[in-house]
Amino acid sequence: MISLIKKLWGMEIIRYLFAGGTAFVFDNILVFNLFNMFLLPDLGVWAGMDVTNMISVTMGFIVGLLINNFMSMYLVFTSEEQKKNSRTAKAFWEFTVVGIVGLLLSIGLNQGCIALFGEGDLNELIYKVSIAIPVTGWNYVGRKFFANRK
């Protein structure tokens, strides 16, 4: 069992899923619920979108981006060239651009789910988990080949 875990951990995608999963947990549990339930009043609707929800998603994105960037630098993309390339201001901005595309994808898919299936705490949790799959895929591919290229 230990050798299987070591073998799996040696795979970059597994380490990325761990880093992305950690960022997802902080995004959703810590920030999304904190802002939606306790800190932000209902700010209404702008351009057909729930403003409070958009702010929460954005705050979650920022926390998730910082966690994911740190974990990606030190845990995921670990070849010597990736280490060298990932610890620059340029690499951080490339990482951020990939993340912003992921954020826009996340917001768009979330608003689409709400428009199609309605609101509700359980629905929104299902949406977030479902949306995490394509967004994580985009983030991994974008970060591997754009922000942390070998």
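**Aromatic pairs, helix packing and a salt bridge**

Tyrosine 140 counts as buried, because its relative accessibility is 14% and the cut-off for burial is under 20%. The model described here is predicted. Tyrosine 16 is buried too, with a relative accessible area of 1%.

These two tyrosines belong to a set of ring pairs. The structure holds four aromatic pairs. Tyrosine 16 and tyrosine 140 make up one of them. Their ring centres lie 5.1 Å apart. The planes meet at 55 degrees, and the pair is classed as tilted. This pair joins distant parts of the chain. Tyrosine 16 sits in helix α2, which covers residues 12–39. Tyrosine 140 sits in helix α6, which covers residues 121–147. The two residues are 124 places apart in the chain.

What kind of pair do phenylalanine 70 and tyrosine 74 form? Their ring centres are 4.9 Å apart and their planes stand at 45 degrees, so this pair is tilted. A tilted pair has planes that are neither under 30 degrees apart nor over 60. Phenylalanine 70 and tyrosine 74 both lie in helix α3. They are separated by about one helical turn, because they are four residues apart in that helix. Tyrosine 74 has a relative accessibility of 48%, so it counts as partly exposed.

The overall layout comes next. The protein has six helices and two strands. Read from the N terminus, the order of elements is α-α-β-β-α-α-α-α. The chain of the protein has 150 residues, and 39% of them count as buried. Contacts between residues at least 6 apart in sequence were also examined. Of these, 74% join residues at least 24 apart.

One helix pair was followed in detail. Helix α3 spans residues 51–76, and helix α5 spans residues 89–117. The two pack at an angle of about 145 degrees. Their axes are 10 Å apart. The crossing of α3 and α5 is right-handed. On the α3 side, the residues in contact include Met54, Val57, Phe61, Leu65, Leu66 and Ser72. On the α5 side, they include Phe92, Phe95, Ile100, Leu103 and Ile107. Polar residues take part as well, among them Asn53, Asn68 and Asn69 in α3 and Asn110 and Gln111 in α5. How many residues of each class make up this contact? Ten are nonpolar, ten are polar and none is charged.

Two residues of α3 illustrate this contact. Methionine 54 lies in helix α3. Its relative accessible area is 16%, so methionine 54 is buried. Methionine 54 and isoleucine 107 are 53 residues apart in sequence. In space, their C-alpha atoms are 7.0 Å apart. Serine 72 is also placed in helix α3. Serine 72 is buried, because its relative accessible area is 2%. With residues up to four places away in sequence left out, serine 72 touches Tyr16, Phe77 and Phe95. Tyr16 is the α2 partner in the aromatic pair with tyrosine 140. Phe95 is one of the α5 residues in the contact with α3.

Helix α5 also carries a salt bridge. Lysine 90 pairs with glutamate 94, and the closest N and O atoms are 3.1 Å apart. The count for the structure is one salt bridge. Lysine 90 and glutamate 94 are four residues apart in helix α5, so about one helical turn separates them. Are the two partners buried or exposed? Lysine 90 counts as exposed, because its relative accessibility is 53%. Glutamate 94 counts as buried, because its value is 12%.

The loop between α5 and α6 holds glycine 118. Glycine 118 has a relative accessibility of 24%, so it counts as partly exposed. Which residues does glycine 118 touch, not counting those up to four places away in sequence? They are Cys113, Asn123 and Tyr127. Of these, Cys113 falls within the range of helix α5, while Asn123 and Tyr127 fall within that of helix α6.

Definitions and conventions: Residues are numbered from 1 along each chain as its sequence is written. This is a predicted model: local features need pLDDT of at least 70, side-chain atom pairs count only at pLDDT 80 or more; totals for chains, interfaces and linings use all residues. Side-chain values use heavy atoms; hydrogens and water are left out. A salt bridge is a side-chain nitrogen of Lys or Arg within 4 Å of a carboxyl oxygen of Asp or Glu. Buried means under 20% relative accessible area, exposed over 50%, partly exposed in between (1.4 Å probe, protein chains only). Axes are lines fitted to C-alpha atoms, for helices over the stretch in contact, and angles run from 0 to 180 degrees between N-to-C directions. A crossing is left-handed if the near helix is turned anticlockwise from the far one by less than a right angle, and right-handed if clockwise. Contact means heavy atoms within 4.5 Å. Rings of Phe, Tyr and Trp (its six-membered ring) pair if their centres lie within 6.5 Å; planes under 30 degrees apart count as stacked, over 60 as edge-to-face and the rest as tilted.
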